[in-house]
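I have a fresh page open and a chain to look through. My notes follow in the order I looked things up.

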Amino acid sequence: MAFVCNLGKCSITSAELKGAVTGLRLAWDKGYRRVHLNLDSTTAVGIIMNNAEDDHRHVYREANFAADFLAAKGHLVDFGTHLFNVYDPELEHWLLHDIMGIPHDRLIINTI
């Protein structure tokens, strides 16, 4: 199962937190009680762990291509949350990259 959300205009941190809550709620509804949650926003992690917002940094990881794919797909759907219960070959491709740790070049621009 996978999901994408079109949240309209919001901050990256809000999108990260909405994704975390939605994913955890879906896992809970499916009966999973022990879930490993990965986020690449140190701000979102800080809010969850400390109930406080720090700076707006992101952790650049190689194993988040599936999440990036779903985030991009969220821009192409109607407003709201959309669940996928069917096989998606594109998503499988990126999940395999994540699992195997296959490197993929990305451009990261630091404006600081």
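Which residues make up the largest nonpolar core? I looked this up before anything else, keeping in mind that the model is a predicted one. I found 8 residues in that core: Ala-2, Val-4, Phe-65, Ala-66, Phe-69, Leu-70, Leu-91 and Trp-94. Strand 1 (2-6), helix 3 (65-74) and helix 4 (89-100) each bring at least two residues to this core. Helix 3 has the largest share, with 4 residues.

**Entry: the overall layout**

I then stepped back to the whole chain. I counted 4 helices and 2 strands, and along the sequence they run in the pattern β-α-α-α-β-α. The chain has 112 residues, and 27% of them count as buried. I also looked at how far along the sequence the contacts reach. Taking contacts between residues at least 6 apart in sequence, I noted that 64% join residues at least 24 apart. For the surface, I wrote down an exposed area of about 8,500 Å², with carbon and sulfur atoms supplying 58% of it.

**Entry: around Phe-69**

Back to a core member, Phe-69. What does Phe-69 touch, once residues up to four places away in sequence are set aside? I listed Asp-88, Glu-90, Leu-91 and Trp-94. Leu-91 and Trp-94 are fellow members of the core, and Asp-88 turned up again in my next search.

**Entry: charged pairs**

Side chains of opposite charge can pair when their charged atoms come close. How many salt bridges does the structure hold? I found 1. It joins Asp-88 to Lys-73, with the closest N and O atoms 2.9 Å apart. Asp-88 sits in the loop between strand 2 (80-84) and helix 4, while Lys-73 is in helix 3, so I noted a link between distant parts of the chain, 15 residues apart. Are the two partners, Asp-88 and Lys-73, buried or exposed? Both are buried.

While in helix 3 I also checked Ala-71. Ala-71 is partly exposed, because its relative accessible area is 47%. I placed the C-alpha of Ala-71 at 9.9 Å from that of Glu-16, although the two are 55 residues apart along the chain.

**Entry: helix 2 against helix 1**

Next I asked which residues of helix 2 (residues 42-50) are buried. I noted Thr-42, Thr-43, Ala-44 and Gly-46. What do these buried residues pack against? Their partner is helix 1 (12-29).

I followed this up from the helix 1 side with Ala-20. Ala-20 counts as buried because its relative accessible area is 4%, which is under the 20% limit. The C-alpha atoms of Ala-20 and Ala-44 are 9.1 Å apart in space, with their positions 24 residues apart in sequence. Leaving out neighbours within four places, I found Ala-20 in contact with Leu-37 and Leu-39.

**Entry: a nonpolar patch on the surface**

Leu-37 led me outward, to a nonpolar surface patch of about 650 Å². I listed its members as Leu-24, Tyr-32, Val-35, Leu-37, Val-45, Ile-48 and Met-49. Which element gives the most to the patch? I found that helix 2 does, with 3 residues. So I have helix 2 down twice: its buried residues pack against helix 1, and helix 2 also gives the most to this patch.

Leu-24 belongs to helix 1, and I marked Leu-24 as partly exposed because its relative accessibility is 36%. From Leu-24 I went on to His-36: the two are 12 residues apart in sequence and 9.3 Å apart in space, C-alpha to C-alpha. His-36 lies in the loop between helix 1 and helix 2, and counts as exposed because its relative accessible area is 69%.

**Entry: cysteines**

My last search was for disulfides, and the count came to 0. Cys-5 is in no disulfide; its nearest cysteine sulfur belongs to Cys-10 and is 9.6 Å away. A disulfide would need the sulfur atoms within 2.5 Å. Cys-10 is likewise in no disulfide, with the sulfur of Cys-5 as its nearest. I added that Cys-10 counts as partly exposed because its relative accessibility is 37%.

Technical notes: Residues are numbered from 1 along each chain as its sequence is written. This is a predicted model: local features need pLDDT of at least 70, side-chain atom pairs count only at pLDDT 80 or more; totals for chains, interfaces and linings use all residues. Side-chain values use heavy atoms; hydrogens and water are left out. Buried means under 20% relative accessible area, exposed over 50%, partly exposed in between (1.4 Å probe, protein chains only). Contact means heavy atoms within 4.5 Å. Patches are made of residues with over 30% relative accessible area and no salt bridge: like charges are joined within 9 Å, nonpolar side chains (Val, Leu, Ile, Met, Phe, Trp, Tyr) within 5 Å. Accessible areas come from the Shrake-Rupley method with a 1.4 Å probe; for residues, only the protein chains shown count as cover. A salt bridge is a side-chain nitrogen of Lys or Arg within 4 Å of a carboxyl oxygen of Asp or Glu. A nonpolar core is a set of buried Ala, Val, Leu, Ile, Met, Phe, Trp, Tyr and Cys residues joined through side-chain atoms within 4.5 Å.
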